[in-house]
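This report introduces a protein model to a reader who has not met it before. Its overall form comes after one locally placed residue, and the helices, strands and loops follow.

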Amino acid sequence: MRLDRFISTTTVLSRAEAKKRIKKGILINNVLVKSPDYKVDEFNDQVIIDGVRLVYQKFIYIMMNKPKDTVSATEDAIEKTVVDILNEEDRIQKVFPVGRLDKDTEGLMLLTNDGDLAHRLISPKKNVEKKYYVEVNGELKNEHLEVVKKGVILEDGYRCKPARLEILDSSESSSKANIYITEGKFHQVKRMMKSLGVTVTYLKRLSIGNLSLDKNLKLGEYRYLTDEELNKLNN
């Protein structure tokens, strides 16, 4: 990897800024280097800038407890995005949100620059289950369990893939439940609930596959995945 690219991917410096800094000299394996096209072994070379050794990570994985009024995008001209929440140093590797949560939906959001993993997690063909906690106006009934299991038919005629509904509390006026789906159609949970005759008032994603939201993360907080959590996602 070129030295200027290595520096721009491991620091907050842009490629152009990295080239200017390199002209002053970068210590690589105790040798002063001033050429931006110097080839760096990103995994084995010791690169020192301003007394700090730069550490290269090909992929990074961030768990966020997404707050409301935030869109699942890398950038937006009007709305605040989940990437905007990240500190500058955590945006270096150009992470993006895996899948989509509605603007007013809270909960587990995974951000990464690993395109292969993202595809595996969001592709309907992979059948990765996502768990949501939902509160609705209206009554969820036992008969709805079978409807969801067979596949809810949405207002446009689309039949959802078989899902699971777990009713936690129910009355004529309001209900609480967990719902498990393996696809991510636009406003899917809200539309499924509408087809069941109830209206979503609160929605939160709790898990993606084997990865569960850290209960210690407050809304708007995030952290990097542990090795154990990453292994769970890959299994």
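Helices (H or I, at least four residues) and strands (E, at least two) are DSSP runs, numbered from the N terminus. On that basis, Leu-225 sits in the loop between β13 (222-224) and α7 (227-233). The model is a predicted one: local features need pLDDT of at least 70, side-chain atom pairs count only at pLDDT 80 or more, and totals for chains, interfaces and linings use all residues. Residues are numbered from 1 along each chain as its sequence is written, and side-chain values use heavy atoms, with hydrogens and water left out.

**A loop residue**

Burial is graded by relative accessible area: buried is under 20%, exposed is over 50%, and partly exposed lies in between (1.4 Å probe, protein chains only). Leu-225 counts as buried because its relative accessibility is 13%. Contact means heavy atoms within 4.5 Å. Not counting residues up to four places away in sequence, Leu-225 touches Tyr-61, Met-63, Leu-110, Leu-211 and Leu-233. Of Leu-225 and Leu-110 it can be added that 115 residues separate them in sequence, while their C-alpha atoms are 9.2 Å apart in space.

**The chain as a whole**

The protein chain has 7 helices and 13 strands. Its radius of gyration, taken over C-alpha atoms, is compared with a globule rule of 2.2 Å times the number of residues to the power 0.38. For a compact globule of 235 residues the value would be near 18 Å, but the protein chain has 22 Å. Along the principal axes, the C-alpha atoms fill a box of roughly 75 × 35 × 35 Å. Buried residues account for 46% of the 235 residues. Among contacts between residues at least 6 apart in sequence, 62% join residues at least 24 apart.

**Two helices in contact**

Axes are lines fitted to C-alpha atoms, for helices over the stretch in contact, and angles run from 0 to 180 degrees between N-to-C directions. The axes of helix α1 (residues 3-10) and helix α2 (residues 15-22) come within 8 Å and cross at roughly 120 degrees. Leu-3, Asp-4, Arg-5, Ile-7 and Ser-8 of α1 meet Arg-15, Ala-18, Lys-19 and Ile-22 of α2. The residues of this contact divide into 4 nonpolar, 1 polar and 4 charged; Ala, Val, Leu, Ile, Met, Phe, Trp, Tyr, Cys and Pro count as nonpolar, Asp, Glu, Lys and Arg as charged, and the others, Gly among them, as polar.

Helix α1 is mostly covered, with 7 of its 8 residues buried. These are Leu-3, Asp-4, Phe-6, Ile-7, Ser-8, Thr-9 and Thr-10. What covers them includes α2, β1 (26-28), β2 (31-33) and β3 (47-49).

**Strands and their pairing**

Two strands pair if DSSP finds at least two bridges between them. An open sheet of 4 strands has the order β2-β1-β3-β4, with antiparallel pairing. Its edge strands, β2 and β4 (52-53), each pair on one side only.

The table lists four antiparallel pairs, each with one pair of opposite residues.

| Strands | Bridges | Opposite residues |
|---|---|---|
| β3 and β4 | 2 bridges | Ile-48 and Arg-53 |
| β8 and β10 | 8 bridges | Val-136 and Ser-175 |
| β8 and β11 (residues 199-208) | 8 bridges | Lys-131 and Ser-207 |
| β9 (residues 164-170) and β10 (residues 174-181) | 6 bridges | Asp-169 and Lys-176 |

A hairpin joins β9 to β10 through 3 residues.

Asn-137 belongs to strand β8 (residues 130-137). With a relative accessibility of 44%, Asn-137 counts as partly exposed. Leaving aside its neighbours within four places in sequence, Asn-137 is in contact with Ser-173, Ser-174, Val-198, Thr-199 and Thr-201. Between Asn-137 and Asp-114, which are 23 residues apart along the chain, the C-alpha separation is 38 Å.

**Two residues with positive phi**

Most residues other than glycine have a negative phi, and most peptide bonds are trans. Asp-50 nevertheless has a positive phi, near 50 degrees. Asp-50 lies in the loop between β3 and β4, and it is exposed, with a relative accessible area of 62%.

Phi is also positive in His-187, at about 50 degrees, although this residue is not a glycine. His-187 is found in the loop between β10 and α6 (188-195). Its relative accessibility is 28%, so His-187 counts as partly exposed.
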